[in-house]
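Let's take a walk through this structure, residue by residue. Keep the viewer open and follow along.

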There are 2 protein chains.
Amino acid sequence: MAVLVSVKGDKAEDWMPHFESALPGETHIWDSHDGDVSLLPDVDYAMVWGPQASLFKRIANVKAIFSLGAGVDHILNAGTVPAHLPVVRYVGDDLTARMGEYVAMQCLMHLRQHSLMDAQQKAGIWQQQPQPAANEVRVGIMGLGVMGAHSAGVLKAIGFQVAGWSRSAKHIDGVKIFAGMENLDAFLAGTDILVCLLPHTPDTFHLINTIFLKKLARNGVLGGPILINAGRGKCQIDAEILEALTDGTLKAASLDVFETEPLPAPSPFWSLPNCFITPHAAAWSDRSAVVAYAANQIKSHRAGLPLLNVVDRQRGY
Amino acid sequence: MAVLVSVKGDKAEDWMPHFESALPGETHIWDSHDGDVSLLPDVDYAMVWGPQASLFKRIANVKAIFSLGAGVDHILNAGTVPAHLPVVRYVGDDLTARMGEYVAMQCLMHLRQHSLMDAQQKAGIWQQQPQPAANEVRVGIMGLGVMGAHSAGVLKAIGFQVAGWSRSAKHIDGVKIFAGMENLDAFLAGTDILVCLLPHTPDTFHLINTIFLKKLARNGVLGGPILINAGRGKCQIDAEILEALTDGTLKAASLDVFETEPLPAPSPFWSLPNCFITPHAAAWSDRSAVVAYAANQIKSHRAGLPLLNVVDRQRGY
């Protein structure tokens with residue numbers, strides 16, 4: 001038995017120690033995306049990040065494909081993944097906790113006017129400013145999976161008012177839930193800080209656009225709505241967010257994701273004074289944790305146990 | 001009956017609407033610090049911020065003095081406050097919550113390498129960085145009153161390891177407590193991020209100095225110890241913190257307080273790249289909440305109920 005690995009972007013040698021530690025002698029890197037899989041006839045699982053379409057033909061007989069990061073859009077959109085082939089999402093405490101860190105920090109930096117404080121520091125100005133409290137601010141989280149639910153709990157602990165929107169109804173203690181597209185407008189109308197943790201699916205593609213942003217609350221204590229996107233860049237239209245940040249539709253934003261990543265060097269986003277940019281690192285996850293997660297599932301599946309967190313191909317996540 | 005008010009720094013007219021709302025027709029501003037109190041013979045309480053020593057002689061017959069902000073050092077150090085006169089601390093949910101916001105945000109900004117992310121953004125660089133998780137970082141809180149205990153809870157919710165030090169033993173769920181000066185070194189040796197929320201007392205004066213800072217953990221995942229002081233500037237020696245931030249004793253700091261406030265314009269602190277400065281605003285509190293708190297205590301005390309949060313003059317807080 002063997003596990004095929006395909007890693008885009010990251011250097012395979014950086015991952016290899018983790019594979020070797022989790023599945024000694026078993027993992028084979030499909031490097032340069034043209035390796036000959038037929039030389040590995042007993043490959044029974046694949047672990048991939050950003051696979052090329054041609055990979056799927058070569059691994060049609062594996063028992064499951066594991067994503068080596070959050071999200072599976074990089075797999076589902078790469079080509080035709082055979083319908084019978086289970087695709088497994090990464091769900092990890094580590095990833096979940098890091099997303100909570102990012103969401104809490106960005107909400108707090110907007111609440112506590114960090115840009116203004118930073119500007120005052122650079123100018124040597126000691127000046128207190130009127131400062132709303134977290135409990136006056138309504139944070140709305142789109143996407144209430146494990147990461148969304150955890151982030152909601154952290155924000156509640158800090159003191160924010162928290163609401164959430166998801167495709168289907170959920171229950172999270174102390175969080176007002178809006179479910180389905182028919183309740184999206186009501187959700188947005190009561191949101192001062194929008195936190196997008198949505199996966200990229202046909203339903204969420206380009207969802208965050210000018211019309212959408214104009215539906216956010218404008219009567220809040222922060223002086224205008226704020227967007228935080230740590231989901232997927234394909235859920236937004238970059239050009240329309242840029243316009244919104246320039247014309248006042250948005251007061252500010254925190255963007256960890258973009259339609260095109262890496263964000264190109266000439267992008268005007270870099271120099272926006274009201275936008276905190278991070279390099280798709282909100283839920284930067286420990287490689288060893290991701291690999292251990294997939295390896296543990298492979299071992300238990302080989303032992304006859306069911307796979308966990310298998311993607312619903314209809315929903316797309 | 002009447003309530004005398006003395007407010008330093010802030011313009012009295014900014015406070016007046018809150019006094020009028022809480023105690024209509026009762027409050028009299030002792031403006032310019034030389035008003036003739038004898039003209040107000042029925043003054044039974046005082047609400048003060050930064051009083052002059054001469055005030056105490058004039059209000060020796062009041063039933064209590066209320067601090068119009070966090071801390072009472074501005075009262076106890078202003079002159080001889082008659083021993084029989086109760087001094088009441090402000091304890092408010094609002095103040096407590098805001099301190100939790102500040103502490104969480106500063107810990108997160110250091111954890112998530114905000115200075116580096118900001119520098120990358122300014123340079124148009126899209127580059128993920130190795131990123132420790134909160135559960136790898138040990139935050140130590142000095143001062144476990146209401147604000148310290150709340151901050152500990154918020155940090156726990158985010159995922160940090162949290163320990164605490166206080167003068168006397170406390171219990172906070174999930175927080176390792178160190179009590180008394182005899183356990184201070186052990187506390188510091190296990191602390192990556194030190195959060196100081198101590199009051200200014202003879203015991204805490206200049207506590208945070210070179211010798212103290214060198215006792216902090218140097219084996220943590222953040223690459224060096226970090227100091228956050230949102231207590232009182234008099235608890236630290238500014239010059240020695242500056243040196244520690246320059247020579248590597250400290251990796252970074254967040255300072256909301258200084259020995260001299262406002263921080264003078266020529267201070268080298270302003271331009272330190274590894275120090276976030278805020279203008280004594282960590283627990284910026286709503287004036288209306290502070291005034292309502294004092295007014296409610298005055299009303300209940302007049303009705304025969306005991307005062308809450310009276311300062312222990314021996315401890316100094």
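Pro132(A) is a good place to begin: its relative accessible area is 15%, so it counts as buried, the cut-off being under 20%. Bear in mind that we're looking at a predicted model. Pro132(A) sits in the loop of chain A that runs between helix H5 (114-122) and strand E6 (138-142). Who surrounds it? Setting aside anything within four places in sequence, Pro132(A) touches Leu111(A), Gln113(A), Val221(A) and Leu222(A), plus Arg98(B) from chain B. If you want a sense of scale, jump from Pro132(A) to His280(A): they are 148 residues apart in sequence, and their C-alpha atoms are 29 Å apart in space.

That Arg98(B) contact takes us across to the other chain, and a pair of helices does so too. Helix H6 (residues 146-158) of chain A and helix H6 (residues 146-158) of chain B have axes that come within 9 Å and cross at roughly 170°. Because that angle is over 145 degrees, H6(A) is roughly antiparallel to H6(B). On the chain A side, the contact is made by His150(A), Val154(A), Ala157(A) and Ile158(A). On the chain B side, His150(B), Val154(B), Ala157(B) and Ile158(B) do the job.

Now for the nonpolar interior. The largest nonpolar core has 110 residues, and those with the most contacts inside it are Met47(A), Phe160(A), Met47(B) and Phe160(B). Zoom in on Met47(B) and, apart from its neighbours within four places in sequence, you'll find it in contact with a run of residues including Val3(B), Leu4(B), Val5(B) and Ser6(B). Phe19(B), Leu23(B), Phe66(B), Leu68(B) and Ile298(B) are also among the contacts of Met47(B).

Back in chain A, look at helix H10 (residues 287-302), where Gln297(A) lies. Is this glutamine buried or exposed? It's buried, with a relative accessible area of 6%. Its side chain makes a polar contact with the side chain of Tyr293(A), at 3.0 Å. Beyond four places in sequence, Gln297(A) is in contact with Phe66(A), Val88(A), Leu307(A) and Leu308(A). Gln297(A) and Ser254(A) are 43 residues apart in sequence, yet 34 Å separates their C-alpha atoms.

Ser254(A) turns up again as one of the contacts of His110(A). His110(A) lies in helix H4 (residues 93-111) of chain A and is buried at 7% relative accessibility. Its other contacts, leaving out neighbours within four places, are Ile226(A), Ile228(A), Ala252(A), Ala253(A) and Phe276(A).

Asp73(A) is another polar residue to check, in helix H3 (residues 73-76) of chain A. At 11% relative accessibility, Asp73(A) counts as buried. What does its side chain pair with? The side chain of Arg232(A) makes a polar contact with it, at 2.9 Å. Arg232(A) also appears in the list of residues that Asp73(A) contacts beyond four places in sequence, together with Ala78(A) and His200(A).

Finally, the cysteines. How many disulfides does a search of the whole structure find? It finds 0 over all chains. Take Cys235(A): the closest cysteine sulfur, in Cys196(A), is 4.9 Å from its own, which is too far for a bond because a disulfide needs the sulfurs within 2.5 Å. Cys107(B) isn't in a disulfide either, with the nearest cysteine sulfur, that of Cys196(B), 13 Å away. Cys235(A) is buried, with a relative accessible area of 0%, and Cys107(B) is buried at 0% as well.

Note on methods:
Residues numbered from 1 in each chain as written. Chains lettered and ligands numbered in written order. Predicted model: local features only at pLDDT ≥ 70, side-chain atom pairs only at ≥ 80, totals over all residues. Heavy atoms only, no water. Buried < 20%, exposed > 50% of the residue type's maximum accessible area, 1.4 Å probe, protein only. Core = buried A, V, L, I, M, F, W, Y, C linked by side-chain atoms within 4.5 Å. Contact = heavy atoms within 4.5 Å. Helix = DSSP H or I, 4+ residues; strand = E, 2+ residues; numbered from the N terminus. Polar contact = N/O pair within 3.5 Å; in protein donor to acceptor, adjacent residues only side chain to side chain. Axes fitted to C-alpha atoms, helices over the stretch in contact; angles between N-to-C directions. Parallel < 35°, antiparallel > 145°, perpendicular 65-115°, else oblique.
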